[in-house]
Amino acid sequence: KSVYFVAVVFVMSAFFLNMTIGVVVEASRELKDATNFDGLDPVMKEFMLTMKGISRIKPAPCISTPTKGLRREVFVLVNSLLFDKLMSTAIVLNCFTMMLTHYNEPESFSNLL
């Protein structure tokens, strides 16, 4: 019963998070597409013009790879796709083991975790 409840809570929270993000993205897309500011008061016009100017700013360039030594090896390892997948798997497994704890669990089960 508790597994079903956890699954429902997880799925519903993901659903509502997705819906919320969708609404925010759609609202920002509508604001971005609005090129005329006729219906806005002067403060909002200034805000929209400022936001339009800020959106033209490019992000900072990526960090360059170190040239030699252990620092380069660690940099390449940490930026690899395999490392990303391993860390994501470790986080999911950690969440799963935290989810397994329950009330009145046997001491052997607690020691196993």
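Start with the surface. Turn on the surface view for the protein chain of this predicted model. Its accessible surface comes to about 10,600 Å². Carbon and sulfur atoms account for 69% of that area. Now ask how much lies inside. Of the 113 residues, 3% count as buried.

**Whole chain**

Switch to the cartoon view. How many helices and strands does the protein chain have? There are five helices and zero strands. Walk from the N terminus, and the elements run α-α-α-α-α. The radius of gyration is 24 Å, while the globule rule gives 13 Å for 113 residues, so the chain is more spread out than a compact globule. Rotate the C-alpha trace to see its extent. Along its principal axes it spans about 70 × 50 × 20 Å.

**Charges**

Colour the charged residues next. The protein chain carries 11 positive and 10 negative charges. Take the mean position of each group. The two means are 11 Å apart.

**Asn79 and its surroundings**

Select Asn79. Where does Asn79 sit? It is in the loop between helix H3 (69–78) and helix H4 (81–99). Is Asn79 buried or exposed? Its relative accessible area is 53%, and the cut-off for exposed is over 50%, so Asn79 is exposed.

Keep Asn79 on screen and add Phe75. Show the backbone oxygen of Phe75 and the side chain of Asn79. A polar atom of that side chain lies 3.0 Å from the oxygen. Then add Thr65. Thr65 and Asn79 are 14 residues apart in sequence. In space they are 9.9 Å apart, C-alpha to C-alpha.

**Two cysteines**

Select Cys62. Its relative accessible area is 78%, so Cys62 counts as exposed, the cut-off being over 50%. Move to Cys95. Here the relative accessibility is 42%, and Cys95 counts as partly exposed because this value falls between the 20% and 50% cut-offs. How many disulfides does the structure hold? It holds zero.

**Pro106**

Finish further along the chain. Select Pro106, in the loop between H4 and helix H5 (107–112). Pro106 has a relative accessible area of 46%, which makes it partly exposed. Bring Phe75 back into view. Pro106 and Phe75 are 31 residues apart in sequence. From C-alpha to C-alpha, the distance between them is 43 Å. Zoom out to see both residues against the spread-out chain.

Key
Residues numbered from 1 in each chain as written. Predicted model: local features only at pLDDT ≥ 70, side-chain atom pairs only at ≥ 80, totals over all residues. Heavy atoms only, no water. Helix = DSSP H or I, 4+ residues; strand = E, 2+ residues; numbered from the N terminus. Rg over C-alpha atoms; globule rule 2.2 N^0.38 Å. Buried < 20%, exposed > 50% of the residue type's maximum accessible area, 1.4 Å probe, protein only. Areas by Shrake-Rupley, 256 points an atom, 1.4 Å probe, with all protein chains shown as cover. Lys, Arg positive; Asp, Glu negative; His and termini not counted. Charge placed at Lys NZ, Arg CZ, Asp CG, Glu CD. Polar contact = N/O pair within 3.5 Å; in protein donor to acceptor, adjacent residues only side chain to side chain. Disulfide = S-S within 2.5 Å.
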